[in-house]
Amino acid sequence: MAGPRTPRALARLSGAIDKNPQRYRTRREPSGFGPLGEPSEWLSDSAKNAWRDIVPAMPWLNTTHRFIVEIAAVLTAKMETGELGVPGMQLLRVVLGKLGATPSDFEKVTWSPPSDEEPGSEYFR
């Protein structure tokens, strides 16, 4: 079985794309990620409140995470009202894990908080 494919951005950083450019020619990089924004109109009021609790707690989320955050918001709203049973709580735990919101899954998140320093400032002190 073949190993996992190296993302184009990582290949560029490591120099692999310069060594073997034809290997990475057809790989596409997603672009245009923006913030999650406001909750969808179709969400209930309690799910919208859950959305507003979830989004600030995970600042690495972007528009590609929108649908799974909606699922997490709906499940969280049901849990708050007592409508979510044990299987639903298990599903919520899995969804939060996919978002990097559990202690063990957070280690896999490659996000770092924005820095106040200008990029390259370490070279101009």
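**Notebook: Arg66, helix H4 and the salt bridges**

I started at arginine 66, whose side chain reaches the backbone oxygen of glutamate 38 at 2.6 Å. The model is a predicted one, and I read its distances as such.

**Entry 1: arginine 66.** I looked up what else the side chain meets. A polar atom of the arginine 66 side chain lies 2.4 Å from the backbone oxygen of leucine 36. I placed arginine 66 in helix H5, residues 66-81. Its contacts, leaving out residues up to four places away in sequence, are Leu36, Gly37, Glu38, Pro39, Ser40 and Trp51. I then checked for a charged partner. Arginine 66 is buried but has no salt bridge. The nearest side chain of opposite charge is that of glutamate 70, 4.0 Å away.

**Entry 2: helix H4.** Trp51 also appears among the buried residues of H4, with Ala47, Lys48, Ala50 and Ile54. Viewed down the helix axis, these buried residues fall within an arc of 155°, so they line one face of H4. They pack against H5. On the face turned away from the buried side I noted the exposed residues Asp45, Asp53, Pro56 and Ala57. I also checked the length of H4: its 13 residues (45-57), at 1.5 Å a residue, should span 18 Å, and the end C-alpha atoms are 19 Å apart, which agrees.

**Entry 3: salt bridges.** How many salt bridges does a search of the whole structure find? It finds two. In one of them, glutamate 38 pairs with arginine 52, with 3.7 Å between the closest N and O atoms. The pair links distant parts of the chain, 14 residues apart: glutamate 38 is in the loop between helix H3 (21-24) and H4, and arginine 52 is in H4. I looked up the accessibility of both. Glutamate 38 counts as exposed because its relative accessibility is 55%, over the 50% cut-off. Arginine 52 is partly exposed at 42%.

Glutamate 41 and lysine 48 also meet in a salt bridge, 3.8 Å from N to O. Is each partner buried or exposed? Glutamate 41 is exposed, with a relative accessible area of 70%. Lysine 48 has a relative accessible area of 15% and is buried.

**Entry 4: whole chain.** I closed with the overall counts. The protein chain has seven helices and zero strands. Of its 125 residues, 30% are buried. Among contacts with a separation of 6 or more, 47% join residues 24 or more positions apart.

Terms used
Residues numbered from 1 in each chain as written. Predicted model: local features only at pLDDT ≥ 70, side-chain atom pairs only at ≥ 80, totals over all residues. Heavy atoms only, no water. Helix = DSSP H or I, 4+ residues; strand = E, 2+ residues; numbered from the N terminus. Buried < 20%, exposed > 50% of the residue type's maximum accessible area, 1.4 Å probe, protein only. Lys, Arg positive; Asp, Glu negative; His and termini not counted. Polar contact = N/O pair within 3.5 Å; in protein donor to acceptor, adjacent residues only side chain to side chain. Contact = heavy atoms within 4.5 Å. Expected span 1.5 Å × (residues − 1). Arc of directions from axis to C-beta.
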